[in-house]
Amino acid sequence: MALSMAFIACKKDSQPNQLKYKAESLSGTSMVQLLSYTMSNWMGALPDATSISSISIPGTHDSGATVEPLGGTAKCQNLSIAAQLSAGVRYLDIRCRHIDNAFTIHHGAIYQNLNFNDVLNACISFLNSNPTETIIMSVKEEHTPSNNTRSFEQTFDSYVAQNSGKWDLGNNIPDLGSVRGKIRLLRRFGAGTAKGIDATSWADNTTFQINNANANLKVQDYYNVSDVNTKWSNVEGLLNEAHNDSSNRLYLNYGSGYKAGIFGIPSITTVSNHVNPKINTFFTSNTFGKYGVVILDFIDATRSQLIAESNF
């Protein structure tokens, strides 16, 4: 048995998507449980009783932003929503313009050639194929509303009604077992009724806490970056804080941002090119433990896997 375990430990780095062993305690007895997973179903290798606050979750900032008129100013992702999910991403940051009683996906004023139905179709298709997974979806109103006869909340409700069984609108920090196969809303828009994890008191360009009756969050969202080293210090600090916190607080750590360049033109890639390699280095060294939701621009399969692998 000892030889077998030693062999498996050696194989973790060389075959990170293959069979793994996880030591668990069941009725006071230590046992070894064989787990098999890929980045499409990695949450299925975690017990139902696992809180989403106690794991490391790869996420994307401005998840639908793949279009820009000028390089470095609006595009935040190379992967489609479907490709992000297949790569292990389980937190999506969706920015919706409310127009004609429907949602289009924007980054600021820039339409992303994508609509909310496209996002939902990708998510629901993924969850149908991978029912052990959950998707935490942050929904925020973006840009200027136009030609609407109802509120943003009412239009959101109309989308939920189309596939109500695929949504979980609970306002607490859930365990995985209660949200598998569903989209859990993290709400950044105003609502007249309790709906999703309430993140409406989002502070601007800083690190802050949101303490609700049902959910406590800590968020690092320093996005207007004057110094990339300071940005990384903020990211790394919250990674370590999440790792050391045994409470049920959900940590949302945005590695994204932009730095003003010549004539004040924002450069997204100046920040991502500094932060993303450091994320790879951090998770190559810190291979086990919970580090919260790590939300990045230009995520790729390798970076997402490094984050998800820290759960095992």
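Which residues have the most contacts inside the largest nonpolar core? They are Phe116, Met137 and Ile279, and the core they belong to has 43 residues. Helix 3, covering residues 116-129, gives this core its largest share, seven residues. Apart from this core lies another one of 29 residues, with Ile173, Ala215, Leu252 and Tyr254 among them. As general background, nonpolar side chains in soluble globular proteins tend to be buried together.

Before going further, please keep in mind that this is a predicted model.

## The chain as a whole

Welcome to a protein chain with eight helices and 16 strands. The chain has 312 residues, and 49% of them count as buried. Taking contacts between residues at least 6 apart in sequence, 64% join residues at least 24 apart.

## Around Met137

Met137 is a good place to begin looking around. Leaving out neighbours within four places in sequence, Met137 is in contact with Leu92, Ile94, Phe116, Val119, Leu120 and Cys123, and also with Trp167, Ile183, Arg184, Leu185 and Leu186. One of these partners, Phe116, is also among the residues with the most contacts inside the largest core. Another partner, Cys123, is buried because its relative accessibility is 0%. Cys96 also has 0% relative accessibility, so Cys96 counts as buried. How many disulfides does the structure hold? The count is zero.

## Helices that pack together

Three helix pairs are set side by side here.

| Helix pair | Axis distance | Crossing angle |
|---|---|---|
| Helix 3 and helix 4 (residues 152-162) | within 12 Å | roughly 35 degrees |
| Helix 6 (residues 228-244) and helix 7 (residues 268-285) | within 10 Å | roughly 35 degrees |
| Helix 7 and helix 8 (residues 301-309) | 9 Å | about 35 degrees |

Let us take helix 3 and helix 4 to start. Helix 3 passes helix 4 in a right-handed crossing. Phe116, Asn117 and Leu120 of helix 3 meet Phe156, Tyr159 and Gln162 of helix 4. By type, the residues of this contact are four nonpolar, two polar and no charged.

Next come helix 6 and helix 7, whose crossing is right-handed. On the helix 6 side, the contact is made by Val228, Asn229, Lys231, Trp232, Val235, Glu236, Leu239 and Asn240. On the helix 7 side, the residues are Thr270, Val271, His274, Val275, Lys278, Ile279, Phe282 and Phe283. Nine of the residues in this contact are nonpolar, four are polar and three are charged.

Helix 7 takes part in another pairing, with helix 8, and here the crossing is left-handed. Asn276, Ile279, Asn280, Phe283 and Thr284 of helix 7 touch Thr302, Arg303, Leu306 and Ile307 of helix 8. This contact divides into four nonpolar residues, four polar and one charged. Ile279 of helix 7 also appeared earlier, among the residues with the most contacts inside the largest core.

## Meetings across the sequence

Helix 8 contains Ala301. How far apart are Ala301 and Ala87 in sequence and in space? They are 214 residues apart in sequence and 4.9 Å apart in space, C-alpha to C-alpha. Ala301 is partly exposed because its relative accessibility is 43%.

Lys290 sits in the loop between helix 7 and strand 16. Is Lys290 buried or exposed? Lys290 is buried, because its relative accessible area is 10%, and buried means under 20%. Not counting residues up to four places away in sequence, Lys290 touches Ser53, Ser54, Ile55, Ser56, Ala242, His243, Asp245, Ser247 and Tyr251. The C-alpha atoms of Lys290 and Ser310 are separated by 7.0 Å, with their places 20 residues apart along the chain.

## Two loop residues with positive phi

Most residues other than glycine have a negative phi. Asp100 has a positive value, near 55 degrees, and is not a glycine. Where is Asp100 found? Asp100 lies in the loop between strand 4 (91-99) and strand 5 (102-107). With a relative accessible area of 45%, Asp100 is partly exposed.

Phe298 likewise has a positive phi, about 50 degrees, without being a glycine. The loop holding Phe298 runs between strand 16 (292-296) and helix 8. Phe298 counts as buried because its relative accessibility is 15%, whereas Asp100 is partly exposed.

Terms used. Residues numbered from 1 in each chain as written. Predicted model: local features only at pLDDT ≥ 70, side-chain atom pairs only at ≥ 80, totals over all residues. Heavy atoms only, no water. Disulfide = S-S within 2.5 Å. Buried < 20%, exposed > 50% of the residue type's maximum accessible area, 1.4 Å probe, protein only. Core = buried A, V, L, I, M, F, W, Y, C linked by side-chain atoms within 4.5 Å. Helix = DSSP H or I, 4+ residues; strand = E, 2+ residues; numbered from the N terminus. Contact = heavy atoms within 4.5 Å. Axes fitted to C-alpha atoms, helices over the stretch in contact; angles between N-to-C directions. Left-handed = near helix turned anticlockwise from the far one by under 90°. Nonpolar A, V, L, I, M, F, W, Y, C, P; charged D, E, K, R; others polar.
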